[in-house]
Amino acid sequence: MKIHAPRIPCDMLAIDIPRPGGAGVLVPVVRPIPPLARDEILILVEAAGVNRPDVLQRRGLYPPPPGASTIPGLEVAGSVVGTGDGVSRFSVGERVCALVASGGYAEYCVAHEGHALRIPQGFGAVEAAALPETFFTVWANVFQRGRLAAGETVLVHGGCSGIGTAAILLCKAFGAAVVATAGSEAKRAACLALGANLAIDHRTQDFVEETLAFTGGRGADVIVDIVGGDYVVRNYRAAAVEGRIIQIGLMGGRVRELDLMPMLSKRLTHTGSTLRTRSVADKARIASELERDVWPLLEAGKLRPLIDGTFPLEEAARAHARMESGAHVGKIVLTTGAGRGD
């Protein structure tokens, strides 16, 4: 492997989950620098995105894949400081953001070279760290699996979440009409500011009725759902004939009762996936399509991730508390000493 010596220390600061529990179980620890495989790059992390799966991992509900680091964190941005012997896409010194299976809450992180992308021109590390997990997820589910096309209508639940804000931005950029749900008037306004054509306050409005009214009774062609639970049967009512429902999360719990007749009569497709367990090749294919179709929009200033706020790496517990409060609008990002100039 090629390491940018002598700048690489033996140890690094990272965040550990010593036991499942609330946000307070997250603690700073000292860990060895992770070893490099031949197809991996070593990144000096400046910023790391915080995502809902990190919260689930902390609670003991979403363990990392076998053999992966137990350090949480699914996306990072920073500089390449080492490369495995088989790496051909990147050189030491290049600035990248990357999707990782775990290990992002640390000063150094390894990533497969096929899952890394150069930081878009004009982007800092904080904005770049907000891209991989949500953009990979939305692209794989909404565009690859959901086959969203220009001129169609998409209903995005949780419009102010990381997934929701990315979905609004990407769907609008590719010519769809966007309906979003949110939990407050301020969050409705944020969805509209991002480009949503209609924002629904799910506390006071019925998203089925509002979606059908917006589409003249036809319904949404694609529905992006991070909630599950009783939303599933309502999604079937809100969907258009031949609609595609994309299940990305289950924040509302499992479905207790479900009438499948609307699925049959409307010829609906209900699909979904998790990103973390997909193959190396699958993730590399998503990265390649993002680089081809989305990165030019980022560099042209047509897309910009919405950042809710940043926290020092050492204060990861506060970042998780912020996410669990439900008050955030957009992405929460951790910054390291390298990102803060410490």
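Which residues of β16 are buried on one side, and which on the other? The exercises below concern a predicted model.

**Exercise 1. Describe the burial of β16 and assign its residues to faces.**

Step 1. Strand β16 comprises residues 331-335, and 5 of its 5 residues are buried.

Step 2. In a regular strand the side chains alternate between the two faces of the sheet.

Step 3. On one side of β16 lie K331, V333 and T335, and on the other lie I332 and L334; these residues are all buried.

Result. Both faces of β16 are covered.

**Exercise 2. Identify the strands that pair with β16, and give the sense of each pairing.**

Step 1. Strand β4 pairs with β16 in the antiparallel sense, over 4 bridges. Within β16, V333 is the residue that stands opposite G49.

Step 2. Strand β15, residues 307-312, pairs with β16 in the parallel sense, over 5 bridges. Here P312 has T335 of β16 as its bridge partner. Between these two strands the chain passes through α11, and the resulting β-α-β crossover is right-handed.

Result. The pairing of β16 is antiparallel with β4 and parallel with β15.

**Exercise 3. Analyse the salt bridge of E46, and classify both partners by accessibility.**

Step 1. Side chains of opposite charge can pair when their charged atoms come close.

Step 2. The partner of E46 is R95, and their closest N and O atoms are 2.6 Å apart. This pair links distant parts of the chain, with E46 in strand β4 (residues 40-50) and R95 in strand β6 (residues 95-99), 49 residues apart.

Step 3. The relative accessible area of E46 is 13%, so E46 counts as buried, the cut-off being under 20%.

Step 4. The relative accessible area of R95 is 33%, so R95 is partly exposed.

Result. The salt bridge joins E46 and R95, of which E46 is buried and R95 is partly exposed.

**Exercise 4. Examine the salt bridges involving R58 and E324, and state whether a further residue takes part.**

Step 1. R58 and E324 form a salt bridge in which the closest N and O atoms are 2.9 Å apart. The two residues belong to distant parts of the chain: R58 lies in helix α1 (residues 52-58) and E324 in helix α11 (residues 316-325), 266 residues apart.

Step 2. R58 is buried, with a relative accessible area of 1%, whereas E324 is partly exposed at 30%.

Step 3. A network of salt bridges links R58, R59 and E324.

Result. The further residue in the network is R59. The structure as a whole holds 20 salt bridges.

**Exercise 5. Characterise the surroundings of T134.**

Step 1. T134 is located in helix α3, which covers residues 132-145.

Step 2. With a relative accessible area of 2%, T134 is buried.

Step 3. A polar atom of the T134 side chain lies 3.1 Å from the backbone oxygen of A130.

Step 4. Once neighbours within four places in sequence are left aside, T134 is in contact with N51, E75, G162, I163, A166 and K331.

Result. T134 is a buried residue whose contacts include K331, one of the buried residues of β16.

**Exercise 6. Compare the settings of R147 and E242, given their backbone angles.**

Step 1. Most residues other than glycine have a negative phi.

Step 2. R147 is not a glycine, yet its phi is positive, at about 55 degrees. R147 is found in the loop between α3 and β9 (153-156), and is partly exposed at 48% relative accessibility.

Step 3. E242 also has a positive phi, near 70 degrees. E242 is placed in strand β13, residues 239-247, and is partly exposed with a relative accessible area of 42%.

Result. R147 belongs to a loop, while E242 belongs to a strand.

**Exercise 7. Assess the overall fold of the chain.**

Step 1. The chain contains 12 helices and 16 strands.

Step 2. The radius of gyration is 20 Å, close to the 20 Å given by the globule rule for 342 residues, so the chain is as compact as a globular protein of that length.

Step 3. The C-alpha trace spans about 65 × 40 × 35 Å along its principal axes.

Step 4. Of the 342 residues, 55% count as buried.

Step 5. Among contacts with a separation of 6 or more, 68% come from residues 24 or more positions apart.

Definitions and conventions:
Residues numbered from 1 in each chain as written. Predicted model: local features only at pLDDT ≥ 70, side-chain atom pairs only at ≥ 80, totals over all residues. Heavy atoms only, no water. Salt bridge = Lys/Arg side-chain N within 4 Å of Asp/Glu carboxyl O. Buried < 20%, exposed > 50% of the residue type's maximum accessible area, 1.4 Å probe, protein only. Polar contact = N/O pair within 3.5 Å; in protein donor to acceptor, adjacent residues only side chain to side chain. Contact = heavy atoms within 4.5 Å. Pairing = 2+ DSSP bridges. Right-handed = clockwise from strand over helix to strand, strands pointing away. Rg over C-alpha atoms; globule rule 2.2 N^0.38 Å.
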